[in-house]
Amino acid sequence: MKSRILILFFAFFCLWMGLIAKGIYLQVLPNQRLEEKQKKQFEKIVTLKPRRGVISDRNGKELAVTITSFSLFADPFLVTNPKWAAQKLSSLLNIRYQTVYKKLLNKKRRFVWIKRQLNKELKQKILALKLVGFNFIEEPKRVYPSENVLSQVLGFVGNEGQGLEGLEHFYDEVLSGKTKQLQLRKDARGRPLLINGQLFSEFPDGLQIQLSIDANTQFYLERELQHAIDKHDADSALGVIVDSDSGEIVAMANSPVYNSNHPTHYSSQIRKNRVMLDSYEPGSTLKTFIVSAALKENIIKPNTKFFCENGEYQIGDRVIREADTRHNFGWLTVSEILAQSSNIGSAKIAQKVGAEKYRKFLEDFGFGKKIDVPYGSESKGILQELPWSTHLLSNIAFGHGISVTPLQLVMAYTAIANGGWLLKPLLVKKIYNEMGGEEIEYTPVKVRRVLTESDASMLKLMLMSATAKEATGFSARIKGFPVAGKTGTAQKVDLLKGGYQKGAYLASFAGFVPANAPKYVIYIAVDNPRKEYYGSQVAAPVFSKVASYLVRKEGLQPVLISDIDLINESLDTHKSKKKVVSEWLGDNTPDLKGLTLREVLRKLNGRKIDLDIRGSGRVSSTWPEAGEKLPGNNKIRIQLSFEE
Amino acid sequence: MKNRLNELKPIISVFFIICTLFFLVFSKMEARRMGYSVLKQSRELRRLQDNYRLKIIEYAKLTSPEHLRRIAVSKFTLSEAEVGQIIHMSGKQIAVKQ
């Protein structure tokens with residue numbers, strides 16, 4: 001009996017020892033295979049995808065935002081009824097039936113995209129179809145709510161959310177953030193077991209960027225440029241507005257614009273930010289700088305006179321003429337040379353300054369080298385190396401034989417406007433984290449003093465005279481405010497054959513407002529206008545409209561006022577102008593097309609007509625049509641142009 | 001009395017040990033429960049952020065200058081101001097026609 005007990009005890013002992021040994025083998029001794037198995041069973045890797053940061057304007061208005069979208073994919077192997085699925089999806093997603101059906105027929109492929117970046121409503125509709133073999137993947141989608149506004153500067157992102165052009169490309173790393181991976185233990189249902197909840201709630205989103213751009217001003221500038229293109233049958237137009245004290249870029253426009261939400265619909269030429277990437281021969285807008293150089297070198301005074309050779313000036317075997325062949329100027333003061341935009345006068349001043357000093361002066365103003373902006377690629381323009389021939393020096397004096405970017409030119413004018421300081425153009429004001437923490441704020445940077453304050457003031461006065469009644473910049477003026485600026489009409493270089501293109505010009509205007517205390521520096525250029533081509537006819541009026549908008553928006557106090565501008569407080573300034581609408585007296589249906597609802601009622605005044613009004617806006621059609629006999633119930637159905 | 005206390009000591013000790021174990025288990029369960037709650041809340045936060053962004057986009061689209069211009073011209077039958085129609089009101093009794 002005892003021995004049996006001992007055997008039983010020994011058997012159990014061995015069993016237990018075996019279990020303990022197995023336990024130690026499993027739990028204590030290192031075993032890579034088991035560790036991997038355990039990891040697979042108990043651990044979960046959670047990937048927190050970052051959301052791309054918002055780009056906003058100076059007032060916080062969102063210009064680029066990222067939202068979650070849903071991309072539909074299919075596993076053709078699992079799709080049970082491809083024909084039916086293709087029919088339903090093609091009508092819902094607005095894609096060709098054949099395209100979807102072909103994708104679903106290829107059973108060898110286990111993953112095909114049907115359509116990417118759908119919104120939530122569409123996702124719900126597709127889910128309601130209860131399709132087998134289809135599913136969604138969440139993807140970020142970049143949306144540009146203002147569509148066309150600032151498109152060339154903002155750029156756009158690709159399907160995978162990577163910045164491809166403009167600020168989106170240049171600040172890709174900052175905006176996109178970093179993907180965060182958390183290794184967590186999971187429970188039986190696969191839910192992550194959180195040790196530190198904060199790890200999960202702190203998303204690795206990209207940083208936000210606030211620009212110095214004002215979206216409303218940007219829109220206005222883009223619209224005016226487009227009007228100029230339409231009016232003068234031009235190829236394109238561009239414009240820049242800079243705050244003269246801080247160097248902040250308030251607007252940077254390239255027209256025609258494109259919709260950043262659909263960048264592939266447009267050519268790369270339209271998508272290019274020409275303000276920074278293209279360089280042009282600036283034409284007469286550069287004359288300001290030969291006068292500045294001469295003032296700085298104490299060679300001239302505003303009333304120093306130069307003989308302008310009655311319109312023809314021979315230098316060696318070449319002849320310099322005025323831009324307008326009707327101009328045969330004799331003696332002109334320096335102010336008049338600027339005001340009348342005399343090529344010969346400028347050439348003569350340049351010869352007095354000398355090539356070396358003038359080149360150095362242009363270099364100081366930032367021409368011929370990159371500004372080195374931290375927000376995109378830029379061209380440096382062309383400023384030829386010394387020695388310069390007399391002819392080249394004369395040409396450069398009136399803006400030929402040199403090429404500059406619009407940004408370089410507007411910053412050079414900014415230096416004159418602010419009293420002599422060359423500033424770095426500021427586009428990005430702030431980079432910050434929405435949840436607090438990281439923040440970089442950019443402040444105005446003074447590069448160097450390029451003019452003394454008195455020289456800058458003198459130049460401002462001379463540029464004001466360039467917008468006087470008989471001067472070239474007269475159409476740039478705005479009522480109530482003094483304007484300073486200079487027109488430019490440059491022949492376009494023929495890049496294929498060399499020399500200049502026949503009949504192709506760049507009409508431009510650079511100036512600032514109000515001239516007495518400059519606030520905004522504006523540069524407008526219209527490329528290849530075909531109907532009129534002088535800067536005074538094409539670019540200056542655009543400047544005037546934009547400047548007028550800016551002073552109103554800023555609420556600046558007018559300086560040049562007359563008695564007409566002073567209003568009597570009792571005067572009603574809101575008198576409405578009523579359009580005269582002839583009364584209708586006939587028996588047939590009246591012609592109401594194009595009238596507003598108010599005008600319709602006025603026209604039908606006194607008649608018992610039952611109106612059935614649909615939509616809003618102006619009348620687009622009526623039933624019965626105009627001239628047809630009225631129905632017995634005297635009822636007219638009016639369809640207005642804007643449907644609810 | 002002292003003897004009685006000595007007799008109770010093991011029971012009290014076991015009681016304390018059991019209480020501590022209960023407390024540990026309860027704390028662990030509570031931590032886990034809160035973990036699930038944080039997970040749920042963080043998902044809700046993400047959802048609300050998404051909704052917020054959608055609203056931002058909607059608002060930005062509605063207030064975009066081009067949209068406002070389109071509505072003003074087509075729906076309210078306004079026409080764009082021309083030169084001479086714009087009046088710059090500034091300061092006291094000054095109104096300059098632009």
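This passage walks through chain B and then through selected local features of chain A in a predicted model.

Chain B is a good place to start. Its secondary structure comprises 2 helices and 2 strands, and read from the N terminus these elements follow the order α-α-β-β. The radius of gyration of chain B is 37 Å, whereas a compact globule of 98 residues would have a value near 13 Å. The C-alpha trace of chain B spans about 110 × 35 × 15 Å along its principal axes. Of the 98 residues in chain B, 20% count as buried. The area that chain B exposes is about 7,700 Å², with carbon and sulfur atoms supplying 67% of it. Chain B carries 18 positive and 8 negative charges, and the mean positions of the two sets lie 10 Å apart.

Turning to chain A, helix α16 offers a helpful landmark. This helix covers residues 355-364 of chain A, and its buried residues are A355(A), Y358(A), R359(A), F361(A), L362(A) and D364(A). These buried residues pack against three helices of chain A, namely α13 (287-296), α15 (343-353) and α17 (390-397), and against the strands β17 (421-423) and β20 (446-449). After α16(A) comes G366(A), which has a positive phi near 100 degrees. F361(A), one of the buried residues of α16(A), also belongs to an aromatic cluster together with F289(A), F365(A), F367(A) and Y413(A).

The loops of chain A hold some backbone details worth a visit. The loop between α16 and α17 of chain A contains P387(A), and the peptide bond leading from L386(A) to P387(A) is cis, with omega near 5 degrees. A cis peptide bond also joins S255(A) to P256(A), here with omega near 0 degrees. P256(A) sits in the loop between β12 (249-255) and α11 (268-271) of chain A.

Two asparagines of chain A have a positive phi. For N310(A), phi is near 50 degrees, and this residue is found in the loop between β13 (305-307) and β14 (312-315) of chain A. N310(A) has a relative accessible area of 47%, so it counts as partly exposed. For N528(A), phi is about 55 degrees, and the residue is placed in the loop between β23 (520-527) and α20 (535-554) of chain A. With a relative accessible area of 10%, N528(A) falls under the 20% cut-off and is therefore buried.

Aromatic side chains complete the tour. Over all chains, the count comes to 18 aromatic pairs. One of these is formed by Y97(A) and Y101(A), which are stacked because their ring centres are 5.5 Å apart and their planes meet at 10 degrees. Both residues lie in helix α4 (residues 97-105) of chain A, and being 4 residues apart they are separated by about one helical turn. In general, an α-helix has 3.6 residues a turn, so residues three or four places apart point the same way. Y97(A) itself is partly exposed, with 24% relative accessibility.

Y220(A) and Y549(A) also make a stacked pair, with 4.1 Å from centre to centre and 10 degrees between the planes. Y220(A) belongs to helix α10 (residues 215-232) and Y549(A) to helix α20 of chain A, so this pair ties together parts that are 329 residues apart in sequence. Both Y220(A) and Y549(A) are buried.

How values were computed: Residues are numbered from 1 along each chain as its sequence is written. Chains are lettered from A and ligands numbered from 1 in the order in which they are written. This is a predicted model: local features need pLDDT of at least 70, side-chain atom pairs count only at pLDDT 80 or more; totals for chains, interfaces and linings use all residues. Side-chain values use heavy atoms; hydrogens and water are left out. The radius of gyration is taken over C-alpha atoms; the globule rule is 2.2 Å times the number of residues to the power 0.38. Buried means under 20% relative accessible area, exposed over 50%, partly exposed in between (1.4 Å probe, protein chains only). Accessible areas come from the Shrake-Rupley method with a 1.4 Å probe; for residues, only the protein chains shown count as cover. Lys and Arg count as positive and Asp and Glu as negative; His and the chain ends are not counted. The place of a charge is taken as NZ of Lys, CZ of Arg, CG of Asp or CD of Glu. Contact means heavy atoms within 4.5 Å. Rings of Phe, Tyr and Trp (its six-membered ring) pair if their centres lie within 6.5 Å; planes under 30 degrees apart count as stacked, over 60 as edge-to-face and the rest as tilted.
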